[in-house]
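Here is a short, friendly tour to read alongside the sequence and the structure. Please keep both in view as we go.

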Amino acid sequence: MAKNPEQNNNQDQGPPDLDELLNDLGKKIGRLFGRKESAQKNSKPNNGGSQSKTPQDQLPVTTIVLIIALIWAATGFYIVDQGSRGVVLRFGKNTEVTMPGPRWHIPFPVESVEVVNLEQVRTLEVGYRSSGNSVARSKELRESLMLTDDENIIDLQFAVQYNLKSAENFLFNNRSADASVRGAAESAIREIVGKSKMDFALYEGREEIAVKAKKLMQEILDRYDTGINVTSVTMQNAQPPEQVQASFDDAVKAKQDLERQKNEGQAYANDIIPKAKGAASRLTSEAQGYRVKVESEAKGNASRFEQILTQYNRAPEVMRDRIYIEAQEQILSNISKVIVDQKNSNSLLYLPLDKLIQQTSPSSKENISSTINVSPQVDMNQTSLQNLERSRDAFKSREREVR
């Protein structure tokens, strides 16, 4: 039985040859750009001549080139956001800095654009590194350990925030902006801390160190035209090294105890000294008042004596009687006894004891009250009255003899 030749050809045909595939691909590319197809090998020409190219085999080359050119030109459009600047580079050379808005440049590979955000605030950590959790952080002792002016070592950690003020300087004068800021920050902080005492850097001088560091960092960065603007320097932590932390705490505690005792002593002094000064002032005032009183009484007595002497020289008898009566009045006003003469009268006598008590002194009142309570009967001492009159007569006769 005879085999079909087509079946034999299909059975003998294996996987396509690589050369045939390449030739087929070349033909397709030739048809795409309108070239004539080359004659197949070992094939006879049709009607003794080559095949002519039909209009269907030709493609619009101009249209394709125009479309490709439009697509290439469209890649040159870009938008600069607010707060950013676009730096146009022509074969790597800076040619223009564009403002915010839609822009166009010659597409790659002739020109390229670098868009730089000037308002973005960047943060750099010096002396420590924060992980994903803001609480957890790791120390960088190579950056944080610094030497003070009094030859002590402190562990200082701080953060620097900065933005950009020149897109050109930022792109062409910096290999790494973070490295530039970190180097300037370490140099500035170490210079300032090296001129400060340990206690000043750890306590009261932290804000001042941060302000000085910001100013010095900006001067260093401007000197190299980095285009970086330092916005703030914040001290995160300042403490002695961990190896001497316990001893330092003891020293701080002793210093605090010293300050506390000083404050207590000062408070005690502030309490005692004003009281002592007040007591001294009061005693001085009392002594001054007593002196003035004694001097005034002495002057008054002297003036009174001079007045009495003048009156005595004018009328001695009258003045003697007057002086005697005033003396007796003064003496008898302090006596708590009441003397009544009933020689020529037997009638009932009325004594206004309440009036007498009011006119006498407090001590006399007590004596009168006690006399009334003990002995309600009035002692009519006639002998005492006679003795009083006899003493008066004797006093007058003595004065006449002196005269």
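How many helices and strands does the protein chain have? The chain has 13 helices and 11 strands.

## The chain as a whole

Please bear in mind that this is a predicted model. Of the 403 residues in the protein chain, 20% are buried. The accessible surface comes to about 30,000 Å², and carbon and sulfur atoms account for 53% of that surface.

Contacts give another view of the chain. Taking those between residues at least 6 apart in sequence, 64% join residues at least 24 apart.

## The largest nonpolar core

Let us turn to the interior. In soluble globular proteins, nonpolar side chains tend to be buried together. Here the largest nonpolar core has 39 residues, and those with the most contacts inside it are Phe158, Val160, Ile189 and Met217. Two or more residues each come from the strands β2 (84-90), β6 (122-126), β10 (153-164) and β11 (228-239), and from the helices α5 (167-172), α6 (177-194), α7 (198-202) and α8 (206-223). Helix α6 gives the largest share, 8 residues.

Which residues does Ile189 touch, not counting those up to four places away in sequence? They are Met146, Leu156, Phe158, Ile209 and Ala213. Phe158, one of these, is also among the residues with the most contacts inside the core.

## Salt bridges

Side chains of opposite charge can pair when their charged atoms come close. The structure holds 17 salt bridges. In one of them, the side chains of Glu242 and Lys139 meet, with an N to O distance of 3.1 Å. Glu242 lies in the loop between β11 and α9 (245-314), while Lys139 lies in strand β8 (residues 137-139), so this pair ties together parts that are 103 residues apart in sequence. Glu242 is exposed, with a relative accessible area of 58%, whereas Lys139 is partly exposed at 33%.

Other pairs sit within a single helix. Glu208 and Lys212 meet in a salt bridge of 3.1 Å, N to O; both lie in helix α8, 4 residues apart, about one turn of the helix. Glu208 is partly exposed, with a relative accessible area of 37%, and Lys212 is partly exposed too, at 43%. In helix α9, Glu295 and Arg291 are also 4 residues apart, about one turn of the helix. Their closest N and O atoms are 4.0 Å apart in the salt bridge they form. Glu295 has a relative accessible area of 39% and is partly exposed, as is Arg291 at 43%. Elsewhere, a network of salt bridges links Arg129, Arg142, Glu143 and Arg182.

## A look at Phe200

Is Phe200 buried or partly exposed? With a relative accessible area of 24%, Phe200 is partly exposed, because the cut-off for a buried residue is under 20%. Phe200 is found in helix α7.

Leaving aside neighbours within four places in sequence, Phe200 is in contact with Gly205, Arg206, Glu208 and Ile209. Two of these have appeared above: Glu208 is paired with Lys212 in a salt bridge, and Ile209 is touched by Ile189. Farther along the chain, Thr148 is 52 residues from Phe200, and the C-alpha atoms of Phe200 and Thr148 are separated by 9.7 Å.

How values were computed
Residues numbered from 1 in each chain as written. Predicted model: local features only at pLDDT ≥ 70, side-chain atom pairs only at ≥ 80, totals over all residues. Heavy atoms only, no water. Core = buried A, V, L, I, M, F, W, Y, C linked by side-chain atoms within 4.5 Å. Buried < 20%, exposed > 50% of the residue type's maximum accessible area, 1.4 Å probe, protein only. Contact = heavy atoms within 4.5 Å. Areas by Shrake-Rupley, 256 points an atom, 1.4 Å probe, with all protein chains shown as cover.
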